[in-house]
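Welcome, and thanks for looking at this one with me. Let's go through it by question and answer.

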Amino acid sequence: MAIPKTLKEKANKEMGISTEDARITKTYLFVAFMALLIGGLLGLLQGLNRAGLLELPSWLNYYQVLTAHGLLLVVVLTAFFTIGYFYAGLSHTLGGLLPKVRKMAWIGFGLKIVGFVFAVIPILMGNASVMYTFYPPMAASPWFYIGLALIVVGVWMCAFGAFIQVANWRKNNKGKHVPILSFFATGVFILLFFGSLPVAIEVIVMIIPWSFGWVKTINVMVARTLFWAFGHTLVNIWYLTAVSAWYVIVPKIIGGKRWSDLLTRIVIIALVIMNITGGFHHQIIDPGISESVKFMHVFMSLAIGFPSLMTAWAMFAVFERTARKNGGKGIVGWYKKMPWGDVRFLAPFIAMLAFIPAGAGGIVQSTNQLNQVVHNTMWIAGHFHLTLGMSVVMTFFGISYWLVPYVSKRVLTPAINKLGVIQTIIWTVGMVIMSGAMHTVGLLGSPRRTSYTTYGDNATALGWNPYLLLLAVGGTLLIIGVLLQVYAVINMMFFAPKGETEFPIAEEEEGASKTPYWTERWGLWIVIMLIFVGMAYVIPLTEFIVNAPPGSPPFKTW
Amino acid sequence: MNQFFSGFLLVIFLALPPVAHLLESIMIVHMHMQMPLLVIAGFLMARLFQLRFPRFFEKWNGNGIPGILLFLIIIVFWTIPRSMDEALNFQSMEIFKFFSLSILAGIPLRDSWKKLSSFGKNAVIIIFTIKYFGMGLLYIKAPVQLCNNYLIMDQLTLGWGFLTTAICLVIYLLYVTFTDPTKYQ
């Protein structure tokens, strides 16, 4: 980690974030948690409807709710949180944001909000119940897609702002390694930019002209493939954001040191290079891709598991060393020395634990034969509630308990910490019940994305009911969790006592070996990533385009 | 020794009949995955040879140019459609493919790369860029099967694979041309 040298950097570390930089992060976080509140309420409606407990009115049907729930939590919450968090990180570790970069963050914010409004209106009007994956041939109002395109452009604005900030720092700090949190930010923004290119092509070149009726048909398989090149990358962007807190923040909170700087940087580079190609496992039972190609793509997907295993290794190394330093004893007895009562540790720790079954479930899904059992069942919904809803979001919650006070120049009070611990427990119990029920009922064959039906009182479908009720129970606990979390954030943002909160960044271990400079060669990593992407996508895309079936006209299935 | 061993294991793995069969069943994977992996295997194995026979490399590959020329000749040979066909039809050619790409291309590549000036390195990348554009167009435009063992569809895919790789190489060349590492390092 670079030692701050310039006066500006020192001032920044001592005095805390500048008001202008803080305003950016505060605004982004505020939007993120409002999205959590509304998205969470919609999720509750969905869960209750799905369990057969609640009949939705005709003007607000299940599919509309599902689309909005997905968009709010999958796009708005994650994107706004990620950008807000990393911009605070860039500001803190790189000596304050450049005025130009700040402006870009605000333009990006404006574009995203305008885009979001464009996307929401058709959903509310019932013209865009295509669900958040917006697969053709289901077609929404063109304005929905225009809104999504604007959100993407807004994200790009923030990505380029981050690149400018990092490049400027590197010019002023020749030969130094970019501080680790900003290194994570660089990786995340590279993925955000390159990962959203395919979906931008899908939306702008293919879907918008088709939904306006300027072209009659669309190549469904090409559209799906471009979608997943983005979709899977987005998943890993959240994951990488969470991982950044695990590597950099959590060790500091428990009073430890970062374990290996080189390993951390290699994990980031590996995740950036191998990520976009992983999108294929979402299409593992799609037609038009030969089995041998799918087989090889399973390798590509599982390769992403490798850096994750390195992460698990590094995390437990940090925990054990720190706990032993604090007097922990025994093979596993050291766990007693961990700060279990500190929500800033507890929430991300449970998030990490959740990643073990979540990752295992992911491996199940990327395996061709096993995927055929669970494809398009509630299992999948269970999986991403475990990954996004626990591993990622609980880390975000954990971050919020120091980041919100940090940018608001307030402090985390013991009461709010206690509330956070309670919130963490409620959330964990709720998500385990809900996700567990979803996984199980999925194995029993219950389809995802379907409002409540007993299929004419078919015995199999009736057998799903107890699990669907459990799903509703979990969902109800989760909404309590949402309310507590949003309350905590609002409190820390506007009402908590004034004071200084530290931006917790762990130092490297003493005597760590020097990280080689080649880790900073992002240009090279990007080219290697592009070669990987080119190689992975050229086979199916050529097949889909050259041997294209007749395209599909738009359908409104709702 | 570790590096040699991992390179050697990679060659053995790639030579396992089911692995070789799978990789060779798709034209683009045959050329753009199996063959580069063999070169990488040779690249890894090279360390042992460099340590064992330093005089040999010094005498025959002092400035890196003979080695890189040998590498280029071997690689160009294996992009000719007919050589791929022969590797599939004749066991002896298949053995030569494994031997030549790992030993005659991978080892000289490693020994030469560090000896080349940045001009030399970029020249090699430019040669590859031109070759990849050329081969890409050939495979895309050819109206007939160039390999007896692969369909026109496979050929077309390989052509696009060449073009996309060439585009990536152009991006790399632009990156090294327009960024100044001395500003950062």
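A residue is called buried under 20% relative accessible area, exposed over 50% and partly exposed in between, with a 1.4 Å probe and protein chains only as cover. This is a predicted model, in which local features need pLDDT of at least 70 and side-chain atom pairs count only at pLDDT 80 or more, while totals for chains, interfaces and linings use all residues. Residues are numbered from 1 along each chain as its sequence is written, chains are lettered from A and ligands numbered from 1 in the order in which they are written, and side-chain values use heavy atoms, with hydrogens and water left out.

Q: Is R265(A) buried or exposed, and what is its relative accessible area?
A: The cut-off for buried is under 20% relative accessible area. R265(A) falls under that limit, so it counts as buried, with a relative accessible area of 0%.

Q: Which residue meets R265(A) in a salt bridge at 2.8 Å, N to O?
A: A salt bridge here is a side-chain nitrogen of Lys or Arg within 4 Å of a carboxyl oxygen of Asp or Glu. The partner sits four residues away in helix 8 (residues 261-275) of chain A, about one helical turn from R265(A). The partner is buried too, at 2% relative accessibility. It is D261(A).

Q: Which residues are linked with D261(A) and R265(A) in a network of salt bridges?
A: Side chains of opposite charge can pair when their charged atoms come close. Beyond the pair in helix 8 of chain A, the network takes in R258(A) and E520(A).

Q: Which residue of helix 2 of chain B does K97(B) of helix 7 reach, 73 residues apart?
A: K97(B) is buried, with a relative accessible area of 0%. Its side chain meets the partner in a salt bridge of 3.0 Å, N to O, and the pair links distant parts of the chain. The partner, which is also buried, is E24(B).

Q: With which residue of helix 7 of chain B does K97(B) form a salt bridge, three residues apart?
A: The two lie about one turn of the helix apart. The closest N and O atoms are 3.2 Å apart. At 11% relative accessibility, the partner counts as buried, and the partner is E94(B).

Q: How much area do chain A and chain B bury between them?
A: The size of an interface is often given as the accessible area lost when the parts come together. Here that loss is taken with a 1.4 Å probe and summed over both parts. The contact (heavy atoms within 4.5 Å) takes 25 residues from chain A and 22 residues from chain B. With 79% of it on carbon and sulfur atoms, the buried area is about 2,100 Å².

Q: How many salt bridges are there between chain A and chain B?
A: The structure holds 15 salt bridges over all chains. Between chain A and chain B, however, the count is zero.

Q: Which element gives the most to the side of chain A that touches chain B?
A: Helices are DSSP runs of H or I with at least four residues, numbered from the N terminus. Those that give two or more residues to this side are helix 5 (142-172), helix 9 (291-325) and helix 16 (522-546) of chain A. With twelve residues, the element that gives the most is helix 16.

Q: Which helix of chain A do the buried residues of helix 2 of chain B pack against?
A: The buried residues in question are V19(B), A20(B), L22(B), L23(B) and E24(B). Within chain B they pack against helix 1 (2-15), helix 3 (27-52), helix 6 (81-89) and helix 7 (91-113). In chain A, they pack against helix 9.

Q: Which residue does the side chain of S211(A) reach through a backbone oxygen?
A: S211(A) is found in helix 6 of chain A and counts as buried at 16% relative accessibility. S211(A) touches A140(A), P142(A) and Y145(A), not counting residues up to four places away in sequence. The backbone oxygen, at 3.1 Å, belongs to I208(A).

Q: Which residue does a cis peptide bond join to P136(A)?
A: The partner's place is in the loop between helix 4 (99-124) and helix 5 of chain A. Omega is about 10 degrees, and the residue is P137(A).

Technical notes: Polar contact = N/O pair within 3.5 Å; in protein donor to acceptor, adjacent residues only side chain to side chain. Buried area = accessible area lost by both parts, 1.4 Å probe.
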